[in-house]
Amino acid sequence: MTITEKILALHCGEKKVTPGQFILADVDIALGNDITAPLAIEEVEKLNKKNLPHPEKVVLVSDHFTPNKDKESANQCLVVKKFAKKYAINNYFELGCGGIEHALLPEEGFIYPGELIIGADSHTCTYGALGAFATGVGSTDLAFTMMSGKIWLKVPESMKFIYSGKLREWVTGKDLILYAIGDIGVDGAHYRAMEFRGEAISKLSVDGRLTMCNMAIEAGGKSGIVAPDETTLKYIEQFKIPKSKIKVFESDKDAKYVDIKEYDVGEIEPQVAFPHLPSNTKPVSQAGNVNLDQVVIGSCTNGRLEDLRIAAKILKGKKVHPYLRTIIIPATQKIYLQALKEGLMEIFINAGAVVSPPTCGPCIGGHMGVLAKGEKCLATTNRNFVGRMGDKESEVYLASPAVAAASAVKGKIADPAEVM
Amino acid sequence: MIIKGKAHKFGDNINTDDIIPAIYLVTTAIKELGKHCMEGIDASFPSKVKEGDIIVAGKNFGCGSSREHAPLAIKGCGISLVIAESFARIFYRNCINVGLPIITSQEVCKNINAKDDIEADLLKGEIKNITKNKVFHIDSFPPLLQDIIETGGLIKWYLKGRIFSPKK
């Protein structure tokens, strides 16, 4: 069996599961946000129950339209807060206590190897980076899980991605995943578990792995996963999770994969996904002359400390282009504070960037950085669909924080090597 | 259940931002969401839909976010069935869970043009293109999903206690 099949078997009480099989699995953590939780809450409230069976397994984070962008979004956040209070959901993260969900949950120790996590948000697949099975579901699924503790799942086929070799300078997890999506397309891993392996993945930080698994959905994947190793176990040490709870699985030597992709990372340059699909990738050297109006560094994909450190390394002592807005969004309050202590915020402000509180805002064209007609933005986010960040005639280019910072300085898409 | 309506055609990789842009995700009211259905591609779409009409699309329909507002917006504007060559997985499960009928079939999609009159008998698994005078037969859902669909969606399935004796 693959690591994914082993985790799913454990959670449905079977010795073995096979791809295509339908299971009802036990859920360890169920996540909702200010957009998806209100629909789930409506369903749960209809049942007039006094308690949820497992409030400790529910995590609620209002992060999409927060700080509340208007009356309607304020109301949705209020619905979430009232529900958390009523059902004694202690894992409710108010503005100021949390941040962007997929950066927050790993940071708070909710995620560890062998768990099964569902979230009413497509980027829930992020958590596979710590050796868990995690997948995005809908609001009705979230309601069902809150009521029953379970989820229906089809056991996915697994697809293996082997990254060998040594990373070039300025090449990060973001580039590795964009490269793979460019190779296989936005439905290239349709319904599949994407298993990331190889020497380059072993050497990748937890932050880099979270970025990679975060974008599994952009290839149509059900989940992304990195088998737990020393890096994983060292990272989760800080949470003092009882050893009996941590299930370190590894794929068997004879595990079946529907497809295997092998990449030599030494051949991979920093990548840029052009409008309007994440698969529309090019090496940065072939980006041509694309003038930009805005750069965003942040999101559940790339708003972690490592991302901010890379951006600061490039922006230190430089100024962003005068006709370009640069928005930097630390993904959580803890990341924000640490970045402040390290002096990164001073570098950003001196460079002429604006620092936003943690929010998903601009990535979904919600607020805090919406694009006008005809504007072009390079963002470290995960989707560049038509109108994703604002006007239908605006454009979004996806890249790493390194490319984003370099592009902010140049005012156009740029290779970090050009400015360093 | 027999569904009758005209076909509205869309291409590959229609994403959830196309189906319902994120700025409208500040409500859970189905009719309100329906007013903005497909706004990312064609803002006049809701005005073109007659109750019962059908969406016919290419590969990977519903890719992108997990927003259940996408199938709800489709329902809310009067669409009764989506037929696609393939569906993105979260969209697919959302449809099963909220009771928006869907059919996956490359053959059917290739044989329907925009504005064709379609009749679908979901229980029999039969799709008729009345305009072209063609009939297609489709596979039934896996037993667990069929059970959820027949019970009227995931919440009803839970309330009826099916969770303790699921079909596998």
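This is a short tour of a predicted model, moving from strand β3 of chain A outwards to the domains and then to the neighbouring chain.

**Stop 1: strand β3 of chain A**

Begin by selecting residues 58-61 of chain A, which form strand β3, and show their side chains. On one side you will find A:Val58 and A:Leu60, on the other A:Val59 and A:Val61, and all of these residues are buried, which leaves both faces of β3(A) covered. In a regular strand the side chains alternate between the two faces of the sheet.

Next, add residues 29-33 of chain A, which are strand β2; this strand runs parallel to β3(A) and is joined to it by four bridges. If you look for a single pair to follow, A:Gly32 has A:Leu60 in β3(A) as its bridge partner. When you trace the chain from β2(A) to β3(A), you pass through α2(A), and this β-α-β crossover is right-handed.

Then select residues 92-93 of chain A, strand β4, which also runs parallel to β3(A) and is joined to it by two bridges. Here A:Val61 stands opposite A:Phe93 in β4(A). Together, β3(A), α3(A) and β4(A) make a right-handed β-α-β unit.

**Stop 2: two cis peptide bonds**

Stay with chain A and move into the loop between β3 and α3, where A:Pro67 has its place. The peptide bond that joins A:Thr66 and A:Pro67 is cis, with an omega of about -15°. A cis bond also leads from A:Pro275 to A:His276, where omega is near 0°; to find A:His276, look in the loop between β12 (271-273) and β13 (281-283) of chain A.

**Stop 3: two residues with positive phi**

Select A:Tyr191, which is not a glycine and yet has a positive phi of about 65°, and which sits in the loop between α6 (173-184) and β9 (193-197) of chain A. Is A:Tyr191 buried or partly exposed? A:Tyr191 is partly exposed, because 19 other C-beta atoms lie within 10 Å of its own, whereas a buried residue has 20 or more.

Now go to A:Ser299, which is in helix α10 (residues 299-302) of chain A and has a positive phi of about 90°, although this residue is not a glycine either. A:Ser299 has 28 other C-beta atoms within 10 Å, and therefore counts as buried.

**Stop 4: the two domains of chain A**

Colour residues 3-263 of chain A as domain 1 and residues 274-419 as domain 2, following the domain assignment. Their C-alpha centres lie 24 Å apart, and the contact between them takes 36 residues from domain 1 and 33 residues from domain 2. On the domain 1 side, the elements that give two or more residues are α4 (101-107), α6 and α8 (206-214) of chain A, with α6(A) giving the most, six residues.

**Stop 5: where chain A meets chain B**

Finally, show both chains, and look for the place where 43 residues of chain A are in contact with 36 residues of chain B. The elements that give two or more residues to the chain A side are β1 (22-26), α2 (37-46), α3 (71-86), α5 (139-148) and β7 (150-154), and the largest share, seven residues, comes from α5(A). By class, this side of chain A has 18 nonpolar, 14 polar and eleven charged residues.

Methods. Residues numbered from 1 in each chain as written. Chains lettered and ligands numbered in written order. Predicted model: local features only at pLDDT ≥ 70, side-chain atom pairs only at ≥ 80, totals over all residues. Contact = placed C-beta atoms within 7 Å. Nonpolar A, V, L, I, M, F, W, Y, C, P; charged D, E, K, R; others polar. Buried ≥ 20, exposed ≤ 12 C-beta atoms within 10 Å, placed from the backbone. Domains from an automatic or database assignment. Pairing = 2+ DSSP bridges. Right-handed = clockwise from strand over helix to strand, strands pointing away.
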